[in-house]
Amino acid sequence: MSQDIGQMISQALGYAILAGSFSLKLPQIIKSLKAGSVDGVSEATTLMETFVFLTSFLYGLAKGMPLETFGENGICAVQCVFIYFMILYYQKQLFNPIKIIMLIGLAVYTKAFLDGHFNTTIPQLPGDRVIYEWLYLSLTPIGVISRIPQILIFYRNKSTGNAAFLTWFLNFGGSSARVFTTFMQVNDPAMLFNFVLNAFLGGIIVLQFFLYWNSDKDKEADKKKKQ
């Protein structure tokens with residue numbers, strides 16, 4: 001009986017996360033549009049986040065998992081792509097050939113995944129994992145690397161700039177909730193570990209917001225005193 005209740009709570013949480021994911025990056029998008037700047041938003045983190053969300057979504061599709069256990073990743077991937085376009089626009093890099101090639105690469109990667117080109121094994125690698133499973137395992141180090149630039153930007157600037165607190169708080173909360181839903185509904189240790197790691201790193205970023213909450217105001221006050 002208690003297990004059934006746990007499953008029901010897990011499914012309800014899953015659908016709540018799925019619904020909430022539509023607004024995950026919205027605070028960041030609105031804040032950057034109002035400011036006319038992407039100051040404090042890491043391009044490297046945004047691009048790697050796009051790959052992580054996209055691969056997680058495609059992995060869930062390939063494994064035939066319930067939509068409520070992974071569907072938000074596809075929605076978040078689209079929002080990350082939009083933010084990446086905003087970064088390129090405000091930094092006047094919209095027609096940079098290298099950036100264009102990277103975006104085309106993401107599109108080709110998605111098409112290859114959906115067409116089943118990653119559903120085969122690699123004889124040179126141990127075990128009987130197919131390529132898309134190895135791709136998902138790669139998200140663990142990528143997840144760490146994707147958060148580091150953002151953490152370092154906040155630390156070096158002693159400020160969170162135009163980064164949106166609500167976006168990172170929702171990210172942290174969603175990852176934490178996913179630890180529970182994955183444990184209850186999906187027998188996938190790799191996925192569970194990734195969510196634990198994302199929750200931990202997301203927690204560090206949320207903590208930085210509290211540490212540097214009034215730093216920009218303090219800097220402005222110091223400038224006025226010096227004038």
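1. A term to begin with: a contact here means heavy atoms within 4.5 Å of each other. With that in hand, a few friendly notes follow on this model, which is predicted.

2. Let's start with helix H2, residues 26-35. Its buried residues are Pro 27, Gln 28, Ile 29 and Ser 32, and the partners they pack against are H4 and H8. Just after H2 comes Gly 36, whose phi is positive at about 65°.

3. On the overall fold, you will find ten helices and zero strands in the protein chain. Read from the N terminus, the order of elements is therefore simply α-α-α-α-α-α-α-α-α-α.

4. Next, the overall dimensions. The radius of gyration of the protein chain is 19 Å, which agrees with the value near 17 Å for a compact globule of 227 residues. Along the principal axes, the C-alpha atoms fill a box of roughly 65 × 50 × 30 Å.

5. Burial and contacts are worth a look together. Of the 227 residues, 45% count as buried. Among contacts with a separation of 6 or more, 78% join residues 24 or more positions apart. As for the surface, the chain exposes about 12,300 Å², with 68% of that supplied by carbon and sulfur atoms.

6. The largest pocket deserves your attention too. It holds about 470 Å³ of space. Its lining counts 30 residues, and those closest to the centre are Phe 53, Glu 72, Asn 171, Gly 174 and Ser 175. Two or more lining residues come from each of helix H1 (2-20), helix H3 (43-63), helix H4 (72-90), helix H7 (139-157), helix H8 (165-185) and helix H9 (189-211).

7. Which element gives the largest share of that lining? H8 does, with seven residues. H8 is also one of the two helices against which the buried residues of H2 pack. By class, the pocket lining has 13 nonpolar, 13 polar and four charged residues.

8. Two lysines may catch your eye when you check the backbone. Lys 92, although not a glycine, has a positive phi of about 55°. This residue sits in the loop between H4 and helix H5 (97-114). Lys 92 has a relative accessible area of 73%, so it counts as exposed, the cut-off being over 50%.

9. The second is Lys 158, again a residue other than glycine with a positive phi, here near 50°. Lys 158 lies in the loop between H7 and H8. Is Lys 158 exposed or partly exposed? Its relative accessibility is 38%, so Lys 158 counts as partly exposed.

Conventions
Residues numbered from 1 in each chain as written. Predicted model: local features only at pLDDT ≥ 70, side-chain atom pairs only at ≥ 80, totals over all residues. Heavy atoms only, no water. 1 Å grid on protein atoms, 1.4 Å probe; cavity = no way out; pocket = protein on both sides within 12 Å on 5 of 7 lines; lining within 4 Å. Points joined across faces, edges and corners; volume = space filled by probe spheres on them. Helix = DSSP H or I, 4+ residues; strand = E, 2+ residues; numbered from the N terminus. Nonpolar A, V, L, I, M, F, W, Y, C, P; charged D, E, K, R; others polar. Buried < 20%, exposed > 50% of the residue type's maximum accessible area, 1.4 Å probe, protein only. Rg over C-alpha atoms; globule rule 2.2 N^0.38 Å. Areas by Shrake-Rupley, 256 points an atom, 1.4 Å probe, with all protein chains shown as cover.
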